[in-house]
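Here's a quick tour of one model, taken a region at a time. Keep the structure open and rotate along as you read.

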Amino acid sequence: MKTFRGTYTVMITPFTPAGDVDVASLRAFVDWQIAEGIHGLIPLGSTGEFLSLDDDEKALVADVVISQAAGRVPVLIGTGAEDTREVVRLSRRAEKLGADGVMIIPPFYSTPTDDELVHHYKTVAEAISLPIMVYNNPATANVDLKPQLVARLAEIDNCLYIKESTLEVTRVRDIIRLCGDRLTVFGGILGFESFVEGAQGWVAVASNVVPSQMARIFSLVADDGAIKEARELYLKYLPVIEFVGGQAYVAGSKALLGHMGFSVGNPRPPRLPLPAAQDAAALALVKRFELAWPASLSRASA
């Protein structure tokens, strides 16, 4: 069982102009992320539009990312669903495909109680041998995994990680205080701030666009103790982080990559491409930070 640590990209899903999963682009994207020094990859999260993919497409994306990464970095598959049985099925499939772990958001419509959430995660954990990254995002899941509940989840043998995606950085502190070494915390929305509080990772959206810089922020804090230097780098790239931090996290990430020279298609409805003004802002960011897709890494070579 691998140990997960560092900045992990919650990946976009590239689409062809016809709207299908673009396998060649997905393979090239995996190679670029790894070449840029990203520490891990998470396909089929919200940024990957998992709710807009059918079951065959989910299996395809998972298989392509796992096979292309080929063990070079850990790959966690998003296996969230509303039905516990479906989460079990998706998690078992991820394990069979060779995933290193799964990331599971709570059922996002039924607003389960704490006891129901413990039962949900325990049921999935007993069905697989992979480590589970619990995903707390109250804005999308409609339930909040507060530190006291997280401590209960940490008693489940393979619930070993949590992606904590609130804007309350004290959550990281309290989870570590309550769970100790039974659970490793990854920041979600907050990266730098979470590292300072002791988080050992970051599930990042911005690393779809600037993977090396987002990975560097983690290494500076967690490995080098260079908090001042990390903060300066964080503040420098905060405009990119904020640009993909709101409702435009999918469309914004895809627009930035497109302006960098790597077309990954449009989001699937109900999401739409960025309006003209926001798209112009995306182009301005690409120019400001001199972002570019490497000419040596084309889809044709993937």
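## Two helices near the start

Is the crossing of α1 and α2 left-handed or right-handed? Right-handed, in this predicted model. The axes of α1 and α2 sit 9 Å apart, and the two helices pack at an angle of about 40°. An angle of that kind is neither roughly parallel, which needs under 35 degrees, nor roughly perpendicular, which starts at 65, so α1 and α2 count as oblique to each other.

On the α1 side, the contact uses Val23, Leu26, Arg27, Val30, Asp31 and Ile34. Facing them from α2 are Leu60, Val61, Val64, Val65, Ser67, Gln68 and Ala69. Sort the residues of this contact by type and you get nine nonpolar, two polar and two charged.

## The pair further along

Now jump to helix α11 (residues 249–260) and helix α12 (residues 276–288), whose axes come within 9 Å and cross at roughly 55°. That angle makes α11 oblique to α12. The handedness of this crossing is right-handed.

Who meets whom here? α11 brings Ala255, Leu256, His259 and Met260, while α12 brings Asp279, Ala282, Leu283, Leu285 and Val286. By type, the residues in the contact of α11 with α12 come out as seven nonpolar, one polar and one charged.

## The nonpolar core

In soluble globular proteins, nonpolar side chains tend to be buried together. In this model, the largest nonpolar core holds 109 residues. Leu41, Tyr121 and Ile132 are the ones that touch the most other members. Helix α10 (residues 227–243) supplies the largest share of this core, with eight residues.

Zoom in on leucine 41 for a moment. Leaving aside residues up to four places away in sequence, leucine 41 touches Tyr8, Thr9, Met11, Val30, Gln33, Ile34, Val65, Val73, Pro74, Val75 and Leu76. Some of these names came up earlier: Val30 and Ile34 belong to the α1 side of the helix contact, and Val65 to the α2 side.

## Backbone oddities

Most residues other than glycine have a negative phi, and most peptide bonds are trans. Which peptide bond is cis? The bond from proline 269 to proline 270, with omega near 15°. Proline 270 lies in the loop between α11 and α12, the oblique helix pair described above.

Alanine 70 has a positive phi, near 50°, despite not being a glycine. You'll find alanine 70 in the loop between α2 (55–69) and β3 (76–78). With a relative accessible area of 58%, over the 50% cut-off, alanine 70 counts as exposed. Glutamate 290 is another non-glycine residue with a positive phi, about 55° in its case. The segment after α12 is where glutamate 290 is found, and its relative accessible area of 72% makes it exposed.

## A glycine in a loop

One last stop is glycine 19, in the loop between β1 (6–10) and α1 (23–35). Is glycine 19 buried, partly exposed or exposed? Its relative accessible area is 26%, so glycine 19 is partly exposed. For a sense of distance, take leucine 167: glycine 19 and leucine 167 are 148 residues apart in sequence, and their C-alpha atoms are 34 Å apart in space.

Notes. Residues are numbered from 1 along each chain as its sequence is written. This is a predicted model: local features need pLDDT of at least 70, side-chain atom pairs count only at pLDDT 80 or more; totals for chains, interfaces and linings use all residues. Side-chain values use heavy atoms; hydrogens and water are left out. Axes are lines fitted to C-alpha atoms, for helices over the stretch in contact, and angles run from 0 to 180 degrees between N-to-C directions. Helices (H or I, at least four residues) and strands (E, at least two) are DSSP runs, numbered from the N terminus. Angles under 35 degrees count as roughly parallel, over 145 as roughly antiparallel, 65 to 115 as roughly perpendicular and the rest as oblique. A crossing is left-handed if the near helix is turned anticlockwise from the far one by less than a right angle, and right-handed if clockwise. Contact means heavy atoms within 4.5 Å. Ala, Val, Leu, Ile, Met, Phe, Trp, Tyr, Cys and Pro count as nonpolar, Asp, Glu, Lys and Arg as charged, and the others, Gly among them, as polar. Buried means under 20% relative accessible area, exposed over 50%, partly exposed in between (1.4 Å probe, protein chains only). A nonpolar core is a set of buried Ala, Val, Leu, Ile, Met, Phe, Trp, Tyr and Cys residues joined through side-chain atoms within 4.5 Å.
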